[in-house]
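Please open the model in your viewer and keep the selection tool at hand. We will begin with the whole chain and then move to a few chosen parts.

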Amino acid sequence: MSLPSAKLQDVFSEPACEKNQSKDAKTRQQGCSKPLTPGAAAGGCAFDGAKIALQPITDVAHLIHAPLACEGNGWDNRGATSSGSALWRTSFTTDLTELDVVMGQGERKLFNAIREIKQAYAPSAIFVYSTCVTALIGEDIDAVCNHAAAKFGLPVVPINAPGFVGSKNLGNKLAGEALLDHVIGTAEPDDAGPCDINIIGEFNLSGEFWLVKPLLDRLGIRVRACIPGDARYLDIACAHRARAAMMVCSTALINVARKMEERWDIPFFEGSFYGITASSQALRNIADLLVRKGADPGLVGRTEALIAEEESIAWKKLAAYRPRLEGKRVLLNTGGVKSWSLVDALMEVGIEIVGTSVKKSTVEDKERIEQTLKEENQIFESIPPRELYAMLSQGKADIMLSGGRTQFVALKAKTPWLDINQERHHRYAGYDGMIELIHQIDLAIHNPIWRQVREPAPWDSHSAVEHELTSTISVSATGHAGEKFTSATANAVGLG
Ligand code: SF4
């Protein structure tokens with residue numbers, strides 16, 4: 001295995017990670033490795049996390065060095081979107097068999113797979129992921145990658161995050177380390193400018209970053225690299241020439257932002273594009289950082305003008321929804337950065353938050369939510385499905401916003417539900433995204449299906465029972481059926 005323990009310790013004790021810093025020294029030493037429960041769908045291993053963090057880089061071939069089952073799916077179906085190549089969605093695996101393991105054929109098979117991919121697909125780079133089996137049998141993927149890179153003249157990057165080292169989140173960070181060690185800073189752009197930024201931790205789900213990018217274009221701000229959503233390998237290789245960065249999802253790639261600040265003096269802030277206020281604040285922060293780094297000071301004024309114009313359009317559009325949604329109660333069952341930014345965003349249009357989960361949120365995220373909601377009982381780490389069902393079936397919320405895993409709890413409780421996690425089909429970022437989110441909430445809450453499904457089933461209603469009895473009696477009386485009809489039944493329905 002090529003993952004030195006120093007690297008693991010480094011990622012474990014990430015100083016910019018709020019969650020990590022809130023632990024005591026002893027717990028911090030244990031790192032953020034959460035033991036997985038064998039057989040349980042625990043939300044992914046470190047390999048899974050690494051692949052999730054890197055797969056949206058679209059012109060790269062992602063090769064999994066493992067038995068077939070680690071990859072599992074031949075076509076990535078998560079929500080990230082590409083404006084170009086679809087190569088990233090194709091899964092490549094060395095499909096290691098027991099015989100390969102016993103005969104020591106793994107490294108040879110890996111090298112041949114790299115050659116085959118290079119010849120058939122001509123990718124910009126190949127990322128090679130180690131997994132439990134290949135790490136445990138001591139495959140030296142770094143050596144194979146170096147050899148293949150020299151032989152084929154293309155970047156071949158080892159991603160050392162085998163599943164057993166820990167959780168999905170740890171895998172995210174190890175993926176970031178691989179970018180820092182092997183990709184960022186390996187190419188020089190010939191067009192670096194004073195208004196270049198990186199967006200880190202943005203996955204471009206359903207293409208939602210494309211709602212934000214035109215705003216930056218209007219301000220003359222160039223996104224040098226969006227990592228990883230809709231990224232190209234070369235963009236990331238040149239990312240060290242950006243002047244500032246925005247960190248969108250802190251739990252995934254905070255180590256990348258922090259180390260880029262250390263190595264290349266690229267200041268960053270953590271922000272969100274969910275909600276009108278958050279979007280405006282993000283644009284302001286980007287402009288401020290760029291001006292601090294030498295961009296034209298007029299950028300601040302132009303940003304304020306754009307914010308004023310966009311906010312006024314957005315508020316006008318949202319006003320139409322206010323009478324329909326004011327006072328509606330939302331249960332938010334999601335994690336991470338989405339929680340606090342969505343809480344802010346929904347409250348902006350008069351929607352009441354009856355509860356929000358903060359399971360994956362950082363300490364800072366939780367503080368933000370506490371400040372906004374002001375009632376601690378609305379904040380929970382996670383709700384077991386049984387309690388969630390009880391809450392929804394008692395009508396304590398008008399809609400639940402969550403990921404796909406809990407959708408059936410809401411549907412069983414006959415409560416509207418909206419997907420806000422990675423499989424969602426709508427774009428919620430920026431000003432237009434906020435309007436889309438409110439539109440989707442409105443559609444879900446006022447869908448006539450909910451009135452119909454909440455009505456008692458025809459066979460459960462009192463009149464239906466009477467009707468059935470009467471039918472049985474009339475059929476019986478004509479002598480065609482009704483074996484169960486007795487004089488007692490007839491008396492009961494007043495026919496005796
Ligand atoms: S890397 Fe390990 S834990 Fe992850 S899917 Fe493969 S075998 Fe399972």
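The stops below go from the overall fold to single residues.

Start with everything selected, and bear in mind that what you are looking at is a predicted model. Shown as a cartoon, the protein has 24 helices and 13 strands, and of its 496 residues 44% count as buried. If you consider the contacts with a separation of 6 or more, 70% of them are between residues 24 or more positions apart.

Next, select residues 168-182, which form helix α10. This helix of 15 residues reaches 21 Å from its first C-alpha to its last, close to the 21 Å expected at 1.5 Å a residue. Helix α10 is also mostly covered, with 13 of its 15 residues buried.

Now move to residues 196-202, where you will find strand β5, whose seven residues include seven that are buried. Keep strand β5 selected and add residues 222-228, strand β6, which pairs with β5 in the parallel sense over six bridges. To see one such pairing in detail, pick isoleucine 200 and look across to its bridge partner in β6, isoleucine 227.

Then add residues 213-218, which are helix α11, and follow the path from β5 through this helix to β6, since together they make a right-handed β-α-β unit.

For the last stop, which strand is joined to β5 by four bridges? Select residues 244-247, strand β7, which runs parallel to β5, and end at isoleucine 197, whose bridge partner in β7 is alanine 244.

Definitions and conventions:
Residues are numbered from 1 along each chain as its sequence is written. This is a predicted model: local features need pLDDT of at least 70, side-chain atom pairs count only at pLDDT 80 or more; totals for chains, interfaces and linings use all residues. Helices (H or I, at least four residues) and strands (E, at least two) are DSSP runs, numbered from the N terminus. A residue is buried if 20 or more other C-beta atoms lie within 10 Å of its own, exposed if 12 or fewer, and partly exposed in between; C-beta atoms are placed from the backbone. Two residues are in contact if their C-beta atoms, placed from the backbone, lie within 7 Å. The expected span of a helix is 1.5 Å times one less than its number of residues. Two strands pair if DSSP finds at least two bridges between them. A crossover is right-handed if, with the strands pointing away from the viewer, the path from the first strand over the helix to the second runs clockwise.
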